Amino acid sequence: MLNGLVKWARGKSPWVCHLNCGSCNGCDIEIVAALMPRFDLERFGVLLEGSPRHADVVMATGPVTRQIRDRVVRVYEQVAEPKFVVAVGTCAVSGAPFYPGYNVLGGVDAAMPVNMYVPGCPARPDAIAYGVLKLLATLDPQAEALVKEIEATQDTTGLVYTPEDIDEMRGDTETSLGQSPARGDRSGQS
Ligand code: SF4
């Protein structure tokens, strides 16, 4: 009963914590654009929240540097379960073009498990909104219906990727570059 209530509340009004891991600020501005009236993520109850302790979703931008990695892990651990992480922008998806630089560990999943990847440099606000909606669709039937409607009427190819898509794309190429310890581990342990 309580779990059902929590799931309903999260589906209706997920609180989002924005985390800049080392981005150039381009994707951060696009997150703001996704929340503003034109794309209006707030109409789905999404609320920007300053503290990770009060958030359900972490929207992370930028590559994970050696300097920021431990802070990213700490922020992730402060978010209550069940939690989602959205990697916003190509830097956050893969660390590119900075990975494998000496000070860059990779994308956001070098420090915490990611549930949805939104590529682009910068990521498009409509893609960010679509990625969040796809996550909500796992909790809320109304969001699921909306996602189905969007996918039936628009070409959404390449707008967002699931962890399974990313694993498939990385394949052997990633292994040959050398994976950071957290990659592929979606349990939150690093
Ligand atoms: S993906 Fe591009 S716009 Fe976004 S943080 Fe990286 S460099 Fe900046």
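Start with the whole chain in cartoon view and trace it from the N terminus: the elements come in the order α-β-α-β-β-β-α-β-α-β-β-α-α-α. Counted up, that gives seven helices and seven strands. What you have open is a predicted model, so a look at confidence comes next.

**Stop 1: colour by pLDDT.** The average over the chain is 86, and 84% of the residues reach at least 70. Now select residues 175–190, where the pLDDT is below 50. In the model this stretch still has 24 contacts beyond near neighbours in sequence.

**Stop 2: the chain as a whole.** Go back to the full view of the 190 residues, of which 44% count as buried. How are the contacts spread along the sequence? Taking contacts between residues at least 6 apart in sequence, 78% join residues at least 24 apart.

**Stop 3: helices H2 and H5.** The next two stops are about helix pairs. Two packed helices are described by the angle between their axes and the distance between the axes. Select residues 26–35, which form H2, together with residues 125–136, which form H5. Their axes come within 8 Å and cross at roughly 70°. At that angle, H2 is roughly perpendicular to H5. Turn the view until one helix lies in front of the other, and you are looking at a right-handed crossing.

Now show side chains at the contact. From H2, pick Glu30, Ile31, Ala33 and Ala34; from H5, pick Pro125, Ile128 and Ala129. Which classes of residue meet here? Six are nonpolar, none is polar and one is charged.

**Stop 4: helices H5 and H6.** Keep H5 selected and add H6, residues 141–153. The axes of this pair are 8 Å apart, at an angle of about 135°. H5 and H6 are therefore oblique to each other. What is the handedness of the crossing of H5 with H6? H5 passes H6 in a left-handed crossing.

Show side chains once more. H5 brings Tyr130, Leu133, Lys134 and Leu136 to the contact, and H6 brings Ala143, Leu146, Val147 and Ile150. Sorted by class, the contact has seven nonpolar residues, no polar ones and one charged one.

**Last view.** Display H2, H5 and H6 together. H5 takes part in both pairs: H2 passes H5 in a right-handed crossing, while H5 passes H6 in a left-handed one. On H5, colour Pro125, Ile128 and Ala129 for the contact with H2, then pick another colour for Tyr130, Leu133, Lys134 and Leu136, which face the contact with H6.

Terms used:
Residues are numbered from 1 along each chain as its sequence is written. This is a predicted model: local features need pLDDT of at least 70, side-chain atom pairs count only at pLDDT 80 or more; totals for chains, interfaces and linings use all residues. pLDDT is the predictor's confidence in each residue, from 0 to 100. Two residues are in contact if their C-beta atoms, placed from the backbone, lie within 7 Å. Helices (H or I, at least four residues) and strands (E, at least two) are DSSP runs, numbered from the N terminus. A residue is buried if 20 or more other C-beta atoms lie within 10 Å of its own, exposed if 12 or fewer, and partly exposed in between; C-beta atoms are placed from the backbone. Axes are lines fitted to C-alpha atoms, for helices over the stretch in contact, and angles run from 0 to 180 degrees between N-to-C directions. Angles under 35 degrees count as roughly parallel, over 145 as roughly antiparallel, 65 to 115 as roughly perpendicular and the rest as oblique. A crossing is left-handed if the near helix is turned anticlockwise from the far one by less than a right angle, and right-handed if clockwise. Ala, Val, Leu, Ile, Met, Phe, Trp, Tyr, Cys and Pro count as nonpolar, Asp, Glu, Lys and Arg as charged, and the others, Gly among them, as polar.
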